[in-house]
Amino acid sequence: MAQTETVQPKEALLVRCWNWLTETQIWTSVFRHAAPINDRNRVLVMLSNVFLHLHPVRLKKHGVRLRYTWCMGGLSFFLFLVLTFTGLLLMFYYRPTLEYAYSDIVGLREHVPLGIMREMHRWGAHAMVITVWLHMFRVFMTGSYKPPREFNWNIGVIMLVLTLLLSFTGYLLPWDQLAIWAITVGSNMARATPFLGHEGPGAALLALGDVQLIHAADDARFALLGGTFVGEGALLRFYVLHCVGLPLVIGFLMAVHFWRVRKDGGISGPL
Amino acid sequence: MDLIKAFINLFADPRLFFVMSVVALAVIVWKRELFSKDAVGYGMLGFLAVFFGFGLFDENFRLIVVKPDNVPIVALIFLVVFFTWYSIREGVLNDRRIAAGDDPIEKQESDRVWVWPDLVYTELIALILCTAILIVWSVGLEAPLEQPANPANTPNPSKAPWYFLGLQEMLVYFDPWLAGVVLPSLIIVGLMAIPYVDTNPKGNGYYTFRERKVEITIFLFGFLVLWSSLIVLGTFLRGPNWNFFGPFEYWDIHKLEPLTNVQLSDFIWVRMLGQPLPEHWFIREVFGIILTLAYVAVLPPLLARMFRRYYEKLGATRFYVTAMLFLMMLSLPVKMLTRWIFNLKYVVSIPEFFFNI
Ligand code: HEM
């Protein structure tokens, strides 16, 4: 009687390479567990990855559907990241002074190979304004601002305003005709702020004896522009707000927003 | 062809434009069963596509629509139309389910799924699509760069960035302190107040129309009629000197529009009472002041009386806050109508204090 022998089929080369790779110390130091193809690892991947852990491990089915969220919140966030990245690249080239601002943008357009950073940044910004509006629209239409999510709706409204302000401050930076006149039209409004603008109702009442407290060189518009017209001061002020101040604040609020989405019981749904 | 264009130019007049958008909203809300049919949704998108496609053959139309910074608004028109249709449709479908004794679809789908892979992959695909669109858009359309800034040379028209054009359009009817400062602040306050004044516990976490008729109608009025449509108007239909131009009309700098607007004080003192304007501003404006005070102080209690049911449901504070915000929102259409019908410029006009309403 011949002896029967079990022969292990030889593993294919790629499989062996893969097995070797995933057992190296380098690999195992990065990935703490095997691919998320079974339930245990689907939990682990969510818990051990800092980016994924914004999500819960499991979710109600309707909340995953595009039909419900339109993915507009997620896309707003993604566009914000794109804008941060492209904006950073733009900052390498751009100097916010009357002397250089315009010519740096011209240079960017003419000398940088495959230069679509400025386009990505500008169209991305327009797109983000639109996605944030649509996100708000969807949150309204699903009634998701109702308790317990009132506070998160409010965070959202503030971020909506910040998104518009980011867009507005960025609009000035190319320092062309389009830019300064759009900002001039926009910021002229501040002149008419009640009490705080020098052409606003009530401002004349704020006087010490004969001395007007509110005039063109210290009113709300001056504070916005760092000057009495859209000039050097405004450019610097808008630049700093656009590149540092506002992104910091909105980034901070996004963290709160996402945290609250989770803490308010995950994506909304019928009770 | 020219006849059609002339016809459309005529219809895009701000007055007709506004009235038509109000009527459209009313029809959407009233005939929502019909509106939510697939054929209507795709039909509207198709119609828009044909309209813009056909319009591009016209030089004047092309000039404003393909201006790089205006392209997003074309996209916005399509998106807003689509998502309005879509969310109403989902609401109507759920209303039908509820009427038949079922749960809304969101409830039926409340079993849990794994975030990996179900959600993570959806996100990944959305993200890739978004990147692809953005790259194509960026390669295809160069960001605008005009002449270097020149404070001595004011372009005509001077427009704010597109997302503020609804506010700039308000400047036609209100002074900057209202259109540029007070009303925008009230928009923000109003949005923030929504969760606190809306006490309706229904419709939380699913699409519905029937359970939230009033809320949704008011919101759509603000978002579609007052915000989005005024942006479209301000972008495409306002030319030099902020004059109105039809979509197929040439932006002629010399177009003159007769300005025959009058103040309320003129109306009453000069035309009705046949007297010269009184010297003192208070006497001169006393009728306007009374009207304005009535609007903000007498109307809300009157509304409370008329809408007893809401008053009791919401309680005094919520009701008055809501009524106030609502009246502020309506002040724009009120001012528009009085302008169009009576050529009224200001209700109260005290230039001495920069105080015009
Ligand atoms: C900078 C802009 C914003 C970003 C990046 C953002 C991001 C997100 C994300 C990722 C979600 C998860 C669900 C989803 O994708 O729909 C979410 C939910 C939510 N957002 Fe925003 N959001 C922004 C602005 C807003 C605005 C303007 C509002 C409202 C005025 C708002 C109110 C809410 C609420 C109430 C939820 C919970 C919705 C639910 O549970 O169904 N957010 N947001």
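Start with the cysteines: counting as a disulfide any pair of cysteine sulfur atoms within 2.5 Å, you'll find zero over all chains. This is a predicted model, where local features need pLDDT of at least 70, side-chain atom pairs count only at pLDDT 80 or more, and totals for chains, interfaces and linings use all residues. Residues are numbered from 1 along each chain as its sequence is written, chains are lettered from A and ligands numbered from 1 in the order in which they are written, and side-chain values use heavy atoms, with hydrogens and water left out.

Select A:C71 and B:C130. Why no bond here? The sulfur of A:C71 has its closest cysteine sulfur in B:C130, 9.1 Å away, which is too far. A:C71 is buried at 14% relative accessibility, and B:C130 is buried at 14% too (buried means under 20% relative accessible area, with a 1.4 Å probe and protein chains only).

Next, pick the ligand and show what surrounds it: 26 residues, each with a heavy atom within 4 Å. Among the closest are A:H135, A:R138 and A:S268. Now zoom in on the polar contacts (N or O atom pairs within 3.5 Å):

- A:H135: a side-chain N or O atom sits 2.8 Å from a ligand nitrogen.
- A:R138: a polar side-chain atom is 2.9 Å from a ligand oxygen.
- A:G74: a backbone N or O atom is 3.4 Å from a ligand oxygen.

Last stop, chain B: click on B:S21, which is buried at 16%. Leaving out residues up to four places away in sequence, B:S21 touches B:V225 and B:S229, with heavy atoms within 4.5 Å.

Key. Buried < 20%, exposed > 50% of the residue type's maximum accessible area, 1.4 Å probe, protein only. Polar contact = N/O pair within 3.5 Å; in protein donor to acceptor, adjacent residues only side chain to side chain.
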